[in-house]
Amino acid sequence: MARFVASAAACGLISTLAVAQSAAPAAGDWPTYGRDKGGQRHSPLTDITAANVASLVPAWTYHMRPASADAAPDATAVVQRAAEGVGPPSGAPPGGGAFTRQRGRFAGSQATPLIVDGVLYTTTPYGKVVALEPDTGRELWTATIPGPGQPSVRGVEYWPGDGTVGARLFFGTRDGRLFALEARTGQPSAEFGINGVVEMKTPDVLNGMAVRQYGMTSPPIVWNNLVITGAAVQEFPPRGAAGDVRAWDARTGKLVWSFHSVPRVGEPYRDTWGPDGATARSGANVWGFLTVDAARGIVYMPFAAPSFDRFGGDRPGDNLYSTTLVAADAATGKRLWHYQVVRHDIWDNDLQAPPLLFDVKKGGKTIPAVAIMSKNSLVFILDRTTGKPIFAVKDKPFPKSNVPGEVTAATQPIPQVTLPLSRTSFTMADVADVTPELKQKCTDWITTNKMVSGGLYVPVGFNEVTISFPGLQGGANWGGGTFAADRNYIIVNTSELGQVTALVPSKGPLPVERGPVSGRFQLPGTKLMCQQPPWGKLSAIDTRTGKIAWTVPLGLTDELPAGKQLTGRPNIGGPISTASGLTFIGASDDGRFRAFDSATGKMLWEYRLPAAAHATPVTYRGKDGRQYVAITATGGSFLDSPLASDVVMAFALPK
């Protein structure tokens, strides 16, 4: 087995003590993606306020690209790598779209750094995990991860240890390995698996097949002494690796439990797949983020669509637990309840955002709640102990499919109080008229390809190029929302990215495949959408009422004329909030980092980054006592933003 390589500028100088785990992290730390295990991404820090945020300046910049990368491929080369070097099917990113992209000198990252006990930890897209001094960005240690799979593009998870075993970092790779590093030194945790590595591609998930893809793009979550993992699997063909969620002993790496996302023979709900639809079915995976109610010991698992996610004729039925939020006992993996957001998903409506845990104050009662949002732009707020909706949901009928062999679900659940966060329909009256030229060119493109209008849960047509809203990227995406506890608001960013697709006859493993006209609903050769703006938004939902409190455009279209640029932009990543009433977000493909007033949505600060920040920021207190806000900015992602940088940047008020 290849060995880790760890180097340290100050090896042994980091003091990281194993402490008792708590649901409430230290005020100045950010020890997990959601800051707390419930994914609220809300900081109690108040030094940076609405009154002074406009004074934020760069405090330090860390360049992730090592000096040896100067010998990178020619700038004209493009390399798309998934597990085993396989690119995405039909041009779509596999397992959530986080495959590594390299163009010339730079590679893309979506990592959210963690800050614990005065140390910042993050992965890089150059095969490394690094520890930095959070006040300066100075390297403390660097661990080189043996290939071929890159470490998780979205970062690491921290475990404080158990009092005997020291603190560790956990992360997966795109080729299906789960790694453990000593947080103090970056050396492999020798007692975990084999020299710090557990092979996740085990027979119980491979379904007896040579898999096309199996790995991890997002970090796992730790609860007590368990490391709970999802997986990135193939979107095509339909049969392949299972999307099961599994838990491993954080000390030894031994498998503790597995939750079968597609029921095996004899398990409940296998009959929701038809006679043979469940056999070796791939997809139905958690490629995004898990959350945990630490006090109750419940893990929340947001499952994705099944493979293939555009046709379900070979899997008649509702297909549990695809596109379903499942609550399970975190100690055993036993299902407690489930809520299926999309029945028989043929729209790729993955539940990849972190299930957001908070309390709803309604009718004089405090109700423990979980909110789930996805590409379909709908937000479901459920009692997190029972799975029952807190605000009204009704089943509504939708059109049937005209694709041979396809039988769509008769109804889908639709929230009645919280309106959709993004567009769910399109007609020719909605063609973008931001400029006369754009309106004419979009009209010509639509009519030349004889496109037909679709919408929420309208099936893609057979031999008909269908305009679908929301599209494959949403709506919301993996970044999810923040719970601004000072306002009782969920604040979440969404894109207005439609999709144009037809299903046509195929000679492959399924009777149909995507047609030659397949992609985003934007004018070919541009980044201009063909529907009226906004093209990206930031919205707040008042959890006391379930209603949208405010919505503002997120992002500028710089190539448009002055006065017409505030269109909002497609975005990937998520927001964070602070107790001082601020919301910070990058995400938009215009390369800006912004701060908003959480109460009103008013933009208070904006900084032009060297590349788009398709990542979620963090805020923390440095050892010098100052509050910092940090974000990764490289460009890339499935928005195809220019790969223009390699930085993690931190901002602070002037000394």
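How many residues lie between strand 25 and strand 26 in their hairpin, and which residue in the turn has a positive phi? In this predicted model, 2 residues separate the two strands, and G363 in the turn takes a positive phi of about 60°.

## The sheet of strands 25, 26 and 27

The hairpin belongs to an open sheet of 3 strands, arranged in the order 25-26-27 with antiparallel pairing. Strand 25 (356-362) and strand 27 (379-383) are the edge strands, each pairing on one side only. From one strand to the next, the twist averages 40°.

Strand 25 and strand 26 are joined in the antiparallel sense over 7 bridges, and within this pairing K361 has T366 of strand 26 as its bridge partner. Strand 26 (residues 365-373) is also joined to strand 27 by 5 bridges, again antiparallel. Opposite I372 stands F380 in strand 27.

## Helix 2

Helix 2 comprises 13 residues (residues 436-448). At 1.5 Å a residue, a span of 18 Å is expected, and the end C-alpha atoms are 18 Å apart, so the two values agree.

The buried residues of helix 2 are L438, C442, W445 and I446. They lie on the same side of the helix, because they cover an arc of only 95° around the axis. In general, an α-helix has 3.6 residues a turn, so residues three or four places apart point the same way.

The buried residues of helix 2 pack against strand 31 (466-468), strand 34 (499-501) and strand 37 (519-520). On the face turned away from the buried side, helix 2 carries the exposed residues P436, E437 and T448. Just after helix 2, K450 adopts a positive phi of about 50°.

## The surroundings of N571

N571 is located in the loop between strand 39 (547-553) and strand 40 (576-578). Is this residue buried or exposed? N571 counts as buried because its relative accessibility is 3%, and the cut-off for buried is under 20%.

Two polar partners of the N571 side chain can be described. The side chain of N493 makes a polar contact with the side chain of N571 at 2.8 Å. The backbone oxygen of R569 lies 2.9 Å from a polar atom of the N571 side chain.

Leaving aside residues up to four places away in sequence, N571 touches N493, T494, S495, G536, K537, L554, A587, S588 and L639. N493 thus appears both in this list of contacts and as a polar partner of the N571 side chain.

How values were computed: Residues numbered from 1 in each chain as written. Predicted model: local features only at pLDDT ≥ 70, side-chain atom pairs only at ≥ 80, totals over all residues. Heavy atoms only, no water. Pairing = 2+ DSSP bridges. Helix = DSSP H or I, 4+ residues; strand = E, 2+ residues; numbered from the N terminus. Axes fitted to C-alpha atoms, helices over the stretch in contact; angles between N-to-C directions. Buried < 20%, exposed > 50% of the residue type's maximum accessible area, 1.4 Å probe, protein only. Polar contact = N/O pair within 3.5 Å; in protein donor to acceptor, adjacent residues only side chain to side chain. Contact = heavy atoms within 4.5 Å. Expected span 1.5 Å × (residues − 1). Arc of directions from axis to C-beta.
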